[in-house]
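Could you walk me through this structure, with an eye to its internal spaces, its helix packing and its unusual backbone spots? A guided tour in plain paragraphs would be welcome.

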Amino acid sequence: MGFSLICPIGEANTGKAHLYACQFRAMIEDWRAKFHAKSHSQTSNQFPFGFVQLAPWRDQTAELGFSEIRWAQTFGFGFVPNPSLSSVFMAVAMDLPDFASPYGAIHPRFKEDVASRLALAARAVAYGDSSINFQGPFPSRLSISGHTLTIEYDSGNSAIDVRANTGFELCCGNTVNHWCTTTAEWNTVPITAHDQTTVSMDTQVCSGQTHVVAWVRYAWRESPCAFMQCAVYGKDNGLPAPAFLRQGPFQ
């Protein structure tokens, strides 16, 4: 079986994430159609497609559009494959910075980690090995009790490895329908507790007129963490939880 791979892409599209999701899917569909036609139908028109999600760039915590592109690369799901990107797999690279790379930090020198992640996903998606856990933990439920937000990963079926207490942010509003339009509306909140499958944080940053937790996001930075030191990883496979964005209500 053949499949296509593409290296980290998307940095030139920062500021255009609202277009990128559809453009990225259209590119995949176009490649599939062209390979199918040129091979006289020997190549499937749904052949597997793999990519490396946008890597870190500058050594800073600014939010300058990279997170939106990473989100768009998954068509707003946070993971692949998904209903809009079938037979697609990726390697998360946001936790693999190489700020001293002579090729530019967006192209890190050390390829083994990202290659291993991509190969693992290819074995599962392209070659159908269902025994492989090829994805990092992903939120399955967000709930608020009192002033505590609890995020459950993978429906509680897979253990997580918490390596840091950073990376989570809350946007507060007067209703759950509040739309967060500026960086200033986001409040950094540390992990205050965790167990085998969940992390928790204090929501009291949302108070007064903006007492409702309207949105939650994670790793929403150009370079969200030091090398392999983002907050949440899979305990069994060592893969990072990808960035995510979720709107309330959280019950």
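The lining of the largest cavity is made up of two nonpolar, six polar and three charged residues. Keep in mind as you look that this is a predicted model. The two nonpolar members are Pro137 and Ala159. The charged ones are Asp154, Lys235 and Asp236, while Asn133, Gln135, Gly136, Ser158, Gly234 and Asn237 make up the polar group, because glycine is counted as polar here. The volume of this cavity is about 50 Å³. With a threshold of 30 Å³ or more, three cavities are counted in the model.

From the enclosed spaces, let us turn to the open ones. The largest pocket has a volume of about 460 Å³. Its lining comprises 19 residues, and those closest to the pocket centre are Glu68, Trp179, Cys180, Trp220 and Leu245. If you would like to find the pocket by secondary structure, look for H1, H2 and strand E11, which spans 212-218: each of these elements supplies at least two lining residues. In terms of residue class, the lining of the largest pocket has 11 nonpolar, five polar and three charged members.

The second largest pocket comes to about 260 Å³. It too is lined by 19 residues, with Val92, Phe134, Gln135, Gly136 and Pro242 closest to its centre. Two of these names may be familiar, since Gln135 and Gly136 also line the largest cavity. Strand E3 (88-91) and helix H3 (112-125) each give at least two residues to the lining of the second largest pocket. Which element supplies the largest share of that lining? The answer is E3, with three residues. By class, the lining of this pocket splits into 12 nonpolar, five polar and two charged residues.

Now for the helix packing. Two packed helices are described by the angle between their axes and the distance between the axes. Helix H1 covers residues 17-38 and helix H2 covers residues 66-73; their axes come within 8 Å and cross at roughly 30 degrees. Are H1 and H2 roughly parallel or roughly antiparallel? Angles under 35 degrees count as roughly parallel, and H1 and H2 are therefore roughly parallel to each other. Their crossing is right-handed. On the H1 side, the contact is formed by Ala17, Tyr20, Ala21 and Phe24, which meet Glu68, Ile69, Ala72 and Gln73 of H2. These contact residues comprise six nonpolar, one polar and one charged. The charged one is Glu68 and the polar one is Gln73. Glu68 also appears among the residues closest to the centre of the largest pocket, and H1 and H2 both contribute to the lining of that pocket.

A few backbone details round off the tour. The loop between H2 and E3 holds Phe75, a residue other than glycine with a positive phi, near 60 degrees. Pro81 lies in the loop between H2 and E3 as well, and the peptide bond leading from Val80 to Pro81 is cis, with omega near -5 degrees. Another cis peptide bond joins Gly248 to Pro249, where omega is about 10 degrees. Pro249 sits in the segment after strand E13, which runs over 244-247.

Key:
Residues numbered from 1 in each chain as written. Predicted model: local features only at pLDDT ≥ 70, side-chain atom pairs only at ≥ 80, totals over all residues. Heavy atoms only, no water. 1 Å grid on protein atoms, 1.4 Å probe; cavity = no way out; pocket = protein on both sides within 12 Å on 5 of 7 lines; lining within 4 Å. Points joined across faces, edges and corners; volume = space filled by probe spheres on them. Axes fitted to C-alpha atoms, helices over the stretch in contact; angles between N-to-C directions. Helix = DSSP H or I, 4+ residues; strand = E, 2+ residues; numbered from the N terminus. Parallel < 35°, antiparallel > 145°, perpendicular 65-115°, else oblique. Left-handed = near helix turned anticlockwise from the far one by under 90°. Contact = heavy atoms within 4.5 Å.
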